[in-house]
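Work through the exercises below with the sequence and the structure at hand. Each task is followed by a solution in steps.

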Amino acid sequence: MSGNIIYVKDVSVKLKDQIVLDSIGFEVESPSLIVVVGPNGAGKTTLLKTLLGIIKPFRGDVRVLGLNPFKDGVKVRRLVGYVPQKDRVSHETPLKVGDVVLMGILLRKKLLRFISEEDIEAAMKALAYLDMEDKWDSLFSELSGGQQRKVLIARALASDPMLLLLDEVFAGLDLESQRKLLSLLEMLKNKKRTIIVVEHELDPIINIADKILVLNRSICLYGEPHDVLSEDKLKPIYPCLRTIEKEGRRIVILGDMHA
Ligand SMILES: Nc1ncnc2c1ncn2[C@@H]1O[C@H](COP(=O)(O)OP(=O)(O)O)[C@@H](O)[C@H]1O
Ligand SMILES: [Mg+2]
């Protein structure tokens, strides 16, 4: 067993009798930024939920921050920041934006479940990172989809977790917000935080990635961008792959799995 922040060995997951993750194994050093890509249905969301102890594999070994998420799930979920692909904030309860972010902080406290001045400050700061501090008193349900995503990112960031898991957060954001989020993730990396970003496409996150993990039920490729980003290696997984020039850079568009 290594001292890495994530350790996954020979893990297989079944959902409704279908094998969704097949014998996967990888390790993540801290700090680093890992991008997980793969076609729809590849098991990306399942992988994040497995790391959080929400889904239990039928085989294999998982350690997150040195803990076993299936024994210490509550602890792992308290220590890890997570932005799910589908938000679970109830739209019936009229929650204000500030409350949504504060909830993220409260859930991570062990015992003292009351709100302190520092909590409010941390929540404000997290919202400010995403230019959303002026929405503190707005109703969460009345925000646009992109704004709601930003509040949920702020909720995950507010308690300053060592490990952050983001499930397809870029797609729903406008270009300016994408740029903001990129520099925010870069700042977190400089603060020695580890970030796992699940995305459908590599652009724009590829520019700050340390490693890419290509998943399609099993791990197809895992390595540094210069190693993984070769057409020869990616074409068998993404037959529709093409490269374009954008602002003088060569960008790989993975496209869909099937032509
Ligand atoms: N709750 C569930 N019950 C049964 N099958 C599921 C469930 N969630 C996901 N799946 C199936 O598991 C596979 C992987 O899903 P998912 O992890 O969401 O993929 P991705 O996030 O890469 O699109 C898909 O075939 C999906 O249909
Ligand atoms: Mg998904």
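A polar contact is a pair of N or O atoms within 3.5 Å. The model used here is predicted.

**Exercise 1.** Find polar contacts between the protein and ligand 1, and state how much of ligand 1 the protein covers.

*Solution.*
Step 1. Start with the backbone. An N or O atom in the backbone of Gly43 is 3.0 Å from an oxygen atom of ligand 1, which is within the cut-off of 3.5 Å. For a backbone N or O atom of Gly41, the distance to an oxygen atom of ligand 1 is 2.8 Å.
Step 2. Turn to the side chains. An N or O atom in the side chain of Thr46 lies 2.5 Å from an oxygen atom of ligand 1.
Step 3. Consider the cover. On its own, ligand 1 has 560 Å² of accessible area, and the protein covers 64% of this.

**Exercise 2.** Describe the shell around ligand 1 by class of residue and by element of the chain.

*Solution.*
Step 1. List the residues. Those around ligand 1 include Leu15, Lys16, Gln18, Val20, Pro39 and Asn40.
Step 2. Sort by class. The shell has six polar, four nonpolar and two charged residues.
Step 3. Assign elements. Strand 2 (18-28) and helix 1 (44-51) each give at least two residues to the shell. Helix 1 gives the most, with three residues.

**Exercise 3.** Which atoms coordinate the magnesium ion (ligand 2), and where in the chain are their residues?

*Solution.*
Step 1. Identify the atoms. OG1 of Thr45 and OE1 of Gln85 coordinate the magnesium ion, at 2.0 to 2.2 Å.
Step 2. Place the residues. Thr45 is in helix 1, while Gln85 is in the loop between strand 5 (80-83) and helix 3 (97-106). The two residues are 40 residues apart, and the pair links distant parts of the chain.
Step 3. Check accessibility. Thr45 counts as partly exposed because its relative accessibility is 22%, and the limit for buried is under 20%. Gln85, at 33%, also counts as partly exposed.

**Exercise 4.** Describe the aromatic pair formed by Phe26 and Tyr222.

*Solution.*
Step 1. Count the pairs. There is one aromatic pair in the model.
Step 2. Give the geometry. The rings of Phe26 and Tyr222 are 5.8 Å apart, centre to centre, with 75° between the planes. The pair is edge-to-face, because planes over 60 degrees apart count as such.
Step 3. Locate the partners. Phe26 is in strand 2 and Tyr222 in strand 9 (residues 218-223), so the pair ties together parts 196 residues apart in sequence.
Step 4. Compare with the cut-offs. Phe26 is buried, at 6% relative accessible area, whereas Tyr222 is partly exposed, at 27%.

Terms used
Residues are numbered from 1 along each chain as its sequence is written. Chains are lettered from A and ligands numbered from 1 in the order in which they are written. This is a predicted model: local features need pLDDT of at least 70, side-chain atom pairs count only at pLDDT 80 or more; totals for chains, interfaces and linings use all residues. Side-chain values use heavy atoms; hydrogens and water are left out. A residue is near a molecule or strand if one of its heavy atoms lies within 4 Å of it. A polar contact is a pair of N or O atoms within 3.5 Å; within protein, one must be able to donate a hydrogen and the other to accept it, and residues adjacent in sequence count only if both atoms are side-chain atoms. Accessible areas come from the Shrake-Rupley method with a 1.4 Å probe; for residues, only the protein chains shown count as cover. Helices (H or I, at least four residues) and strands (E, at least two) are DSSP runs, numbered from the N terminus. Ala, Val, Leu, Ile, Met, Phe, Trp, Tyr, Cys and Pro count as nonpolar, Asp, Glu, Lys and Arg as charged, and the others, Gly among them, as polar. Donors are N, O and S atoms within 2.8 Å of the metal (3.2 Å for Na, K and Ca); water is not among the atoms, so sites may look incomplete. Buried means under 20% relative accessible area, exposed over 50%, partly exposed in between (1.4 Å probe, protein chains only). Rings of Phe, Tyr and Trp (its six-membered ring) pair if their centres lie within 6.5 Å; planes under 30 degrees apart count as stacked, over 60 as edge-to-face and the rest as tilted.
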